[in-house]
Each structure stands twice: as structure tokens, then as C-alpha cells.
Protein chains: 2
Amino acid sequence: MCYTVPGEHAARPVCIGAVACPPMAGSTHVFQAPKGTRDFHPEDMATRRHIESAWRSASIRHGFDEIDGPTFEHLELYTVKSGDGIVSELFSFNRSGGETDYALRPEFTPTLARMAASKGRSLSMPTKWFAMPDLFRAERPQRGRLREHRQWNVDLLGVTGPEADAEVIAVAVSALRGLGLSAEDIRVRISHRGAAAGLFAALGVSEDRIADAFTLVDRRDKLPKEVFAQQAKELGLDDDAVVQLDAIANSRIPATCPPSDIASQHSLPIESVADLEALSVELEQRGLLPFCDWDLGIVRGLAYYTGTVWEIHDAKGTFRAIAGGGRYDHLVELFGGPSVPACGFGMGDVVLGLLLQERNLLGDTPGSLLPRPDVFIISNGDDPADRMLVPLATSLRELGLHVRHTWKATRNIGKQLKEASSAHARLAVILGDQVSGGLIVVKDLDAGDQCDVPLRDLPAWLPRHLAGGPTDRHT
Amino acid sequence: MCYTVPGEHAARPVCIGAVACPPMAGSTHVFQAPKGTRDFHPEDMATRRHIESAWRSASIRHGFDEIDGPTFEHLELYTVKSGDGIVSELFSFNRSGGETDYALRPEFTPTLARMAASKGRSLSMPTKWFAMPDLFRAERPQRGRLREHRQWNVDLLGVTGPEADAEVIAVAVSALRGLGLSAEDIRVRISHRGAAAGLFAALGVSEDRIADAFTLVDRRDKLPKEVFAQQAKELGLDDDAVVQLDAIANSRIPATCPPSDIASQHSLPIESVADLEALSVELEQRGLLPFCDWDLGIVRGLAYYTGTVWEIHDAKGTFRAIAGGGRYDHLVELFGGPSVPACGFGMGDVVLGLLLQERNLLGDTPGSLLPRPDVFIISNGDDPADRMLVPLATSLRELGLHVRHTWKATRNIGKQLKEASSAHARLAVILGDQVSGGLIVVKDLDAGDQCDVPLRDLPAWLPRHLAGGPTDRHT
């Protein structure tokens, strides 16, 4: 059995008794990735790039600029906002003999707030930023929730009005639509911290317990019904109010209905209803209402939200939230920057990947998201052909083409064509008997047809053919 | 003054004396990124993406598949190869109360070897992989060497011959050429572990000290001349041999000269000269000889290299190495996998960024690498124009265009055109007086000319105009 010596930095495993430690140097032990982390083999990586590319494209189309920060931050950056309680959820460490504690970033918002604060008064208004960091949680891994995941963050700083909230929701929905998801697949569930607070107050929660009520409602799906009821009572609700709270937390109204419909059912503060009414107009301008529901059960667990809050879920409710965000008007100030209104969201790659897989939106076959080779060059094994292969590959790659060839000893053309097909190459360029006469056979592996092309024309012919333009086929 | 309590997990700062600690909750303290790490504001990020895009493009053109692994690994993955001595160079940690030690990855090769080993006999031959991980070093940061950097890794597994070494060098050079660097700017310095070992033996180093000789030669630029001489003597060299070693380590021969030229000057093992001769043929086939030098002073510090080793430096020798790599035929086996010949390299973003900056290859102005908006929409402030702005932006973004508009209250067209220009937008779409008649003004901000386009034609007209095709200008 192995354990680490507490308090010793970078402690080495210590052996007790007869149980063998993992062998060290010279070992043939097969190593594994740490629990809750992922190896991305080429097909997994192609999926990740497919998702990241949709995120990035939606961000740029909407005029957001990409940023990034360090993978680890001063531990204090997280405790200042969330208190020391967060430390057990973090991977924290310090440099051997160092004086400062660090933590792997568990979320990107503190880094963003720090970067915005560092700009001080020179921060342009609005600032539209996005990032795609790796984030880390020292929790026990669960389905849809790993110790390391990639998260897309989109933030709009400097705009108070609901057009900013609608704009970041538009970016999120645009990326999901780009991945093939429709309003049948995903729902944006929208609420408002002020509306929810008013509702909780009306049900009997005292002002100093409103934050606890947010936490309880946010965790309700993880709690047995009777535990939820018990904790609700502790917040000051009577039996009747607990039933009401549960009903409200589980009811959703299509956003195509005006927010006043909810206000008429429940007594909500006037300002929050006005916020949602204004948001509704902005969502409509962006064609988003069919994707959205009003849902007062959405409160978001984090303490820093101040107004509109929202989550995106799969329509069937099979998975955890795909994305979550809202308005956080005081965060930049908390990190020493100017007072800046702000809103934004985070969307992870894990739950989204599960949903895309369930909907068959990750390509027909496991490898179909991999970049396709433009050209697979084949030599018939004669000297002139063999000598030409590598220089030809080099010059076609200089033109920007994705070029492959076999690394096997075989010069059997049939076997090489088979390898070209399994690599999903678009064209096979065959250096055959006519090479000394300056002619090359090009076979279109999708269409199945082939033609002869003079070697000297190839650099112009191939890009044109691949772009689908006129190709002057010779046969 | 603040210090942390040694041995306490996630220790909090403790105050001594009157010097103020950074304030905690509710603070207006301005936080900083940890020493040796970087914040990437939009212009910095655009530079990073520019470099990554060249890396990625070169990898894909040469038929390599992208992979990635976890940001942290079991600490043992690094100690198994390098011994416990490496621990002080790592950021290591464990989960609160956990039994396993982890470390932020200091290099990608162990992860790659672990992933290859996990495939066992199903690993395809060859396997051509690339990755662009963030890597971490717990050292004091220096110019060109940070605590966190991004490193491109390219590896070719399963091929024994020099065509594999030449292929990975081709990928590296191709990316650097894609960034605008020529054979005047960069030099690939190539050596061979066997050749260097033979040379050291001929100079008097005993077989069991050859590895120490590699380390000494690798570190020679960091040592005062007399320390180098002293340490060389301890390896068994006499005064004359020390002078010879120093001369050899500092002489380079253009690779357009045959490797036998070096062999005739120094007594090198026949097999290693044959390796370099064969490599020379492969480099020539790929047009690489003008970029390369033979340089027996290149030995690479890491223990796992077995044959050809090489580094890329700026031609003037101003900076640290831009890239380093070589052949490591036993590494996958060490991690429990099959015996697989392999070669590859790593190239970081820090030194490369410094060189590109020095050569003015990062664009004319700081923002010139940022993605350019295709369209900047401007409203003259009349109701019909204002109502049209957001729906038009939405529909153009759905077509894939990068669309911006002002978030300021101003509806002054001149001010908005100025904002469009500073955003480097290509076209301004102006919703002006003729909007109610269905006409829109499109101004080309590069060319300076403008024309009227019917609103209904805009979705077809804009992409065609942006692609440089015929645009049916109306004025």
C-alpha cells in the first residue's frame, strides 16, 4: 500500500508492509491518464476540434475577440470571491519552497475579471471577449462532469441593457445551431435573480436567507424530495409554500408568451418583470424566442450573478446543463477594476459532446470528422516513379494541399488505393507506366472516375479540381 | 510581509509586523497573473493563433493527426524516465486527502508514449501524431523560457529509416516558412548521438561517462569557459582534447557538404556516418539541405534520444533554440508498449514569437493579425433603420459573415464609419435615408468607394463581393 507523507511537498510514495508499490525506473507498467481526465486520440480530437470550431466561428461572427489567461492562478483569486470553502474543490499547489499558493483554474470568470480590471480606465466599452480554456475540478468525476474539461466563455462588458444579455444568448444558440441542434433539441431556460428573490420573499424567505434559497433551488435535482422540503422549511417556508416553490421551480413557459403571464401568476418585483419584458423584445429581434422558455427554477449556484440568469438544457432533460450564464454587474469591481456592467456564459465540451453523440451529429463514422487528405500519391515501384514521389508530395504540400502516401514497403497499386480509401483521401495521384512520358493518372476516389493529367499541369489542375472548378479532364 | 505556513495545504497568508497583507474579500487589490505566465489580450491571442495556425496547417498538410492528453499526469509518469531528480522542476500536487501525486506536464513526450503504449499491438504503423499542449516548468522564468508555454509536438512512430527523421524536419521547416522565415533566418543543426558518442570516446571519455559528456556539451553555452574545461577534464579529457571538444562543439558545416566531410576530420563510427549520409539523401529529396547544417555540438539534454538529434536556431544565434528533436527508439517500450522506432520534435511559442517579432513578421500594426470584420452595419438613427439593424446583423451572421455594429448611443454616421475603420472592417453597410425604399449603401472601406444595393439582394451580394467575385455594382 502506498500513501503520501502529509505536508511534504511533492511527496514520494512510501511503502508499508508487503504490498508492492508500482514499479519505478525501467518499469513495463502500463500508465493511465489520471481519473476524470481524457486522452484525445485522433478521432476524439477531431470531435473536440469540431465543437471548438463551432464555438470560435459563432464568437467571431458576433464580433467577439479571443483572449486566454494562465492555466493556473494565485489561489487568492478564487478565495477572494468564494471564500476559503472553495479550496477543497480546487487542485492547489505551490512551487517547491515557494511562498505563493496556486490553483488550477476551476472557472474562467475570475481570470477575465482580473484581465479586465488590469486595463483600468482604458478598458474599451463595450469589451466583447471569448475564451476556450481548460478548467479543473478536484471533485469525484461523474457522468458529464470531469476533473478536466474545456469550456467556452463569452462575455460582454460595459452594457447595462438587455441587448447585451440577448447578444450572448444569440452567440450560444448560433454555435449550437452550427453543430446541427435545433429548437427541438435544446431549450434556453431564462430567469432573473430579482424575480426569483421576490418570489422567495413572497413565499416567506427572510431577506438574509435569499442566497441560501438560490443555492437550494439550484441543487433541487440532486436532493431527495423530502430533503428538499426539510431544507425549504428551514428557510422559513410553510408546507403550502414548499409545494408552491416546488411547482414554480418545475414549471416552464415558452418565451413566445409575454413575461407578464408569469408575473400575473406569481407576485414578482416590477423591475425584474420590466427587465424580462425588455429582454423578450431583444430576443425576438434576434429570432431567438422559439429557442427560449421562462423558467423561475433557474437561479445559478454562483454568488456573483445580479440580474438575468439562464441555462441551456437538452429539450428532453436527459443531461446536465449544456451552458449557464447571466448578468454579473459587480465582478470586475471586486477584482480592483472599474465598475462595469457585464454578462456572459460558459459552455463545456463534455455534456455537449454527449448530446451531439446521442443525436448522431458527430458524423456517420468515427473518423468522418478527421481532416480529409486532398491527395494520396501512389508509386508503381519503378525507379522513375519512386524518385518522383517525395519531391511531388513536397511541392503539393507547398501549395497548401494535404498530401499522404504509403509508408509500407508495398508498391502494389491496388493495396495503395485501398490505403488511400481508408484514409478518406479525395484524389489518388498515381505515378505509373506513363510517368517517363510526363503523364500522371488522377483518380477521384469519391466519384470513382479517373483521368490522365500532364505532370507540368498538376500544380494548377489539382487545386482547381479540389475546389470543384473546371478541370480540363483529359480522358 | 506575508508568508505561507509550510506544510499546510492551501495555506493562507499570515501577516507579520505592520506591513499590510493584500486585502481579501471585498478587496480592491489588483490581482496579477502568476510570475512566468501570460495573459493573452486579443492582440496577443491573435499572435498565438497565427503561430498555432501555421503549426497545425503544416502538420495536416504532411498527413499528421492531432491528439492531446490531460494537462496533468501521474507524477510517476515523469519520475519513471527521469528519476526523482525531476520533481523539483515540476509543479506537483495531490487532491486534498488523495493518495496519488500529480504533476502539470513539463513535456508532451511521456503522454504521447503512454497513449501509444495503451494502443498495444493495435497501434498502426506508422503512427503520425501532432499536439499543441500547454507545458509547465517550476523554474525561475528567463527570457524565452516561461513557467507556462505552448509547445507544438510532432512525432512519427514505426519507421526506422531516415525518411522519418527527414519528414519531421520537413514539417518543422514548412511551418516556419509558412510564418515567413527563410534559410537566411533559421538553421536546422543536425547531429547524431552515435557520432557524438564515438567522438567523445576518441577524445578519451570512458563508456560509462558518455551520457555525462552529452549533458556537458548540451550545457556549454550556460557555463563559463573554465568551468566547461574543468568538467571536461573530469570526464577523462586531457588539455588538448578539451580544446578539440570545444572546437568541434562550435563548428558547423552546411548540410550541402556530404557528412563524409565531417567523418574525414574526426574519427566517427561508420554506422552513424551511414545514418547521416542516408538522412542527407532524404533531406535533399524534400528540398531541405539549404536550411540545414551538420553540427556535432548538438546533443540534446534529454536521456531518451538514440540516433539523429537536431535543433532549429535563429541564424544569428541571438535566441535559445526554436525547436529540438530527434530519434527515440525505446521510449514507447519504456512505458509498457511494444518496441517501436520513433522520432519527433517540440517547438515552443515563446522563442519563436520573439524571433518573428524581431523580423517584423507579426503584421504591420499590433492589431493586424486579428480577424477582420466583413461588415460593419451603421444606422442613421431613424426608426426604420434602427429597427432593421439587429435583424440584418442576425441574418448576415447566419450566412457566416463576421458582423459588427456600434454599441454606443451615437447615430452620427461619420463617427460610426470611424469606428468601422478602427475595427478594420472591410465593408460598411449603411442603413440611411433610402432604407424605406429598400436601398442600402455599401461602402468598401479598403477601396474607399461605395454603391447602392437593394436590400433583398444583400445576402447574395455581400459574400460574392467579399470573395472578390463580380458584384453588380449599382453606382
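Here a trainee and a mentor talk through a predicted model.

Trainee: Happy to start with one chain. How far apart do the C-alpha centres of domain 1 of chain A and domain 2 of chain A lie?
Mentor: Good place to begin. Chain A is split into domain 1, covering 42-358, and domain 2, covering 375-466. Between the C-alpha centres of these two domains of chain A, the distance is 51 Å.

Trainee: Now the contact of the chains. Which helix gives the most to the side of chain A that touches chain B?
Mentor: The contact draws on 82 residues from chain A and 82 residues from chain B. On the chain A side, the top contributor gives five residues, and it is helix α1 (residues 42-61) of chain A.

Trainee: And how many residues on the side of chain A that touches chain B are nonpolar, polar and charged?
Mentor: Recall that chain A puts 82 residues into the contact. Sorted by class, that side of chain A has 39 nonpolar, 24 polar and 19 charged residues.

Trainee: What kind of axis relates the two copies?
Mentor: Let's look at the superposition. Chain A falls on chain B with an RMSD of 0.1 Å after a rotation of 180° and a shift of 0.0 Å along the axis. The two copies are therefore related as by a two-fold rotation axis.

Trainee: What share of the contact residues of chain A recur in chain B?
Mentor: With the 180° rotation in mind, we can compare the two sides of the contact. The same surface serves both copies, and the share of chain A contact residues that recur in chain B is 96%.

Trainee: Let's go inside chain B. Is the crossing of α5(B) and α10(B) left-handed or right-handed?
Mentor: Helix α5 (residues 193-203) of chain B packs on helix α10 (residues 270-285) of chain B at about 145°, and their axes are 8 Å apart. The contact involves Gly194(B), Ala195(B) and Gly198(B) from α5(B), and Glu271(B), Ser272(B), Val273(B) and Leu276(B) from α10(B). By class, these are three nonpolar, three polar and one charged residues. As for its hand, the crossing of α5(B) and α10(B) is left-handed.

Trainee: One on strands, please. Which are the edge strands of the open sheet with the order β4-β6-β5 in chain B?
Mentor: This sheet has three strands with antiparallel pairing, and its twist averages 40° from one strand to the next. Those that pair on one side only are the edges: β4 (72-74) and β5 (92-94) of chain B.

Trainee: Last one: which residue in β6(B) does Phe72(B) stand opposite?
Mentor: Strand β4(B) runs antiparallel to strand β6 (residues 101-104) of chain B, and three bridges join them. Facing Phe72(B) in β6(B) is Leu104(B).

Methods
Residues numbered from 1 in each chain as written. Chains lettered and ligands numbered in written order. Predicted model: local features only at pLDDT ≥ 70, side-chain atom pairs only at ≥ 80, totals over all residues. Domains from an automatic or database assignment. Contact = placed C-beta atoms within 7 Å. Helix = DSSP H or I, 4+ residues; strand = E, 2+ residues; numbered from the N terminus. Nonpolar A, V, L, I, M, F, W, Y, C, P; charged D, E, K, R; others polar. Least-squares fit on C-alpha atoms with pLDDT ≥ 70 in both. Axes fitted to C-alpha atoms, helices over the stretch in contact; angles between N-to-C directions. Left-handed = near helix turned anticlockwise from the far one by under 90°. Pairing = 2+ DSSP bridges.
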